[in-house]
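User: I'm new to protein structures and would like a close look at one part of this model. Please take me through one strand and its surroundings, step by step.

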Amino acid sequence: MLSDIKAAVFDLDGTLIDSMGVWERVDRSFLSRHGFPQDKYYIEQLRNKNYREAVEFTLDYLKVELTPEELMAEWDEMAIWEYGHSIPLKEGAHELLAYCKSKNMPIILATVSNPGLYEAVLKRHDIYDYFTGFTSEEAADKGKSDPFIYLEAASIAGVTPGECIVFEDILKGIQSASSAGFVTCAVEDASQWKDRDQIKAAADLYVRDLTEALSVLRT
């Protein structure tokens, strides 16, 4: 299985970076900025929504007088600061990327985060230049339930799905990548603990951290 691998695709949040809790900090700051109480229901609801769904829910639930574009710009401003200043890499991330690069493997970032966010955190940790390419806004809009984002990554890398390993932490990402024929490596993250058993069952490989993933690739 691994002997055929020619390219690597990485998710960002929960896989390469330890961003658990960052969006809750953004949500709480947003509530405070606009004079709302710390609403547990609101914060809980946002955890299960993608970016555009969160915008729609916020405008409907809070009735805040912002356009969708203004709301996204405000969230982006707060999040970019977090990504550029406070979010650490997951253990083994730098070493795994360096190894893939040393093997001349194209490395593609497949994330639903916007460029401002991933550029801030990747450049802060000096790993931006490891990447051969990044998936598009169209792929991000489709989300991880659709394999389009992984298929686009394989296309950028110039390989078939079976020649590509996808590193992901979320169940729907593992499932959709697997359905399209990719080799999948699930990376453990505390934010996905409730889906742990399903993730293990769906993935070709399951690792506790990226140091373990590096050991697997080297065998």
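Analyst: Happy to! One term first: a residue is buried under 20% relative accessible area, exposed over 50% and partly exposed in between, using a 1.4 Å probe and protein chains only. This is a predicted model, where local features need pLDDT of at least 70 and side-chain atom pairs pLDDT 80 or more, while totals for chains, interfaces and linings use all residues. Numbering starts from 1 along each chain as its sequence is written, and side-chain values use heavy atoms, without hydrogens or water.

Our part is strand S1, residues 7–10. (Strands are DSSP E runs of at least two residues and helices are H or I runs of at least four, numbered from the N terminus.) In a regular strand, side chains alternate between the two faces of the sheet. You can follow that here: Ala 7 and Val 9 point one way, Ala 8 and Phe 10 point the other, and all of them are buried.

Now look sideways. The sheet is open and has 6 strands in the order S3-S2-S1-S4-S5-S6, with parallel pairing; two strands count as paired if DSSP finds at least two bridges between them. S3 (133–134) and S6 (205–207) stand at the edges with a single partner strand each, so one side of each has no neighbour in the sheet. S1, in contrast, has S2 and S4 beside it in that order. With S4 (residues 164–168) it shares 4 bridges, and Val 9 has Val 166 as its bridge partner there. With S2 (residues 107–109) S1 shares 3 bridges, again parallel, and Ala 8 stands opposite Ile 107. Further along, S5 (residues 183–187) pairs with S6 over 3 bridges, where Ala 186 is matched with Tyr 206.

What do the buried side chains of S1 pack into? A nonpolar core is a set of buried Ala, Val, Leu, Ile, Met, Phe, Trp, Tyr and Cys residues joined through side-chain atoms within 4.5 Å. The largest one has 52 residues, and Phe 10 is among those with the most contacts inside it, along with Leu 16 and Phe 167. Helix H4 (residues 68–85) gives this core its largest share, 6 residues. Leaving aside residues up to four places away in sequence, Phe 10 touches, among others, Leu 16, Leu 96, Cys 100, Ile 107 and Phe 167, contact meaning heavy atoms within 4.5 Å. A second, separate core of 15 residues includes Ala 7 and Val 9, together with Ile 108 and Val 159.

Just before S1 comes Lys 6, whose side chain meets that of Glu 163 in a salt bridge (3.0 Å, N to O). The term means a side-chain nitrogen of Lys or Arg within 4 Å of a carboxyl oxygen of Asp or Glu. Glu 163 lies in the loop between helix H8 (148–157) and S4, and Lys 6 in the segment before S1, so the pair ties together parts 157 residues apart in sequence. Lys 6 counts as partly exposed, at 47% relative accessibility.

That is one of 14 salt bridges in the structure. Another joins Arg 208 to Glu 212, also with a closest N to O distance of 3.0 Å; Arg 208 is exposed at 59%, while Glu 212 is partly exposed at 23%. Salt bridges with shared partners also link Asp 11, Lys 144 and Glu 168 into one network.
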